[in-house]
Amino acid sequence: MQDFAAMSDRASLLQADNYVDAVVNSDISRVDNISRNAGFAHGLLSSYSRYQGAQVSLTKIEDLGCKD
């Protein structure tokens with residue numbers, strides 16, 4: 001039998017993944033009805049979250065967002 005805390009962690013991670021997918025696939029375009037590249041948005045959010053709390057240039061975050 002699996003540990004309840006481990007299941008809770010997996011459920012939390014899945015919920016966070018689903019939230020990010022919803023943001024990049026619909027929310028960013030809903031603001032002003034302009035279609036945006038979901039892959040680029042996901043890469044940009046991933047890069048931004050990687051450097052959360054650190055001082056890095058916007059250019060570095062954008063560059064890494066393009067590569068992901």
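A salt bridge here is a side-chain nitrogen of Lys or Arg within 4 Å of a carboxyl oxygen of Asp or Glu. By that rule, the structure holds 2 salt bridges. This is a predicted model, where local features need pLDDT of at least 70 and side-chain atom pairs count only at pLDDT 80 or more, while totals for chains, interfaces and linings use all residues. Residues are numbered from 1 along each chain as its sequence is written, and side-chain values use heavy atoms, leaving out hydrogens and water.

**View 1. The whole chain has 3 helices and 0 strands.** Helices (H or I, at least four residues) and strands (E, at least two) are DSSP runs, numbered from the N terminus. Starting at that end, the order reads α-α-α. Of the chain's 68 residues, 12% count as buried; buried means under 20% relative accessible area, exposed means over 50%, and partly exposed is in between (1.4 Å probe, protein chains only). As for contacts (heavy atoms within 4.5 Å), take those between residues at least 6 apart in sequence: 12% of them join residues at least 24 apart.

**View 2. Confidence changes from helix to helix.** The score here is pLDDT, the predictor's confidence in each residue, from 0 to 100. The chain's mean is 79, with 79% of its residues at 70 or more. Helix H2 (residues 38–50) gets the highest confidence, at 85, and helix H3 (residues 58–67) the lowest, at a mean of 68.

**View 3. Asp27 pairs with Arg30 in a salt bridge.** Side chains of opposite charge can pair when their charged atoms come close. For Asp27 and Arg30, the closest N and O atoms are 2.2 Å apart. The two sit 3 residues apart in helix H1, so about one helical turn separates them. Asp27 is partly exposed, at 27% relative accessibility, whereas Arg30 is exposed, with a relative accessible area of 58%.

**View 4. Asp32 and Arg36 form a salt bridge too.** Here the closest N and O atoms lie 2.9 Å apart. Asp32 is partly exposed at 36% relative accessibility, and Arg36 is also partly exposed, with a relative accessible area of 37%.

**View 5. Asn33 has a positive phi.** Most residues other than glycine have a negative phi. Asn33 isn't a glycine, yet its phi is about 55°. Look for Asn33 in the loop between helix H1 (4–30) and H2. Asn33 is exposed there, with a relative accessible area of 70%.
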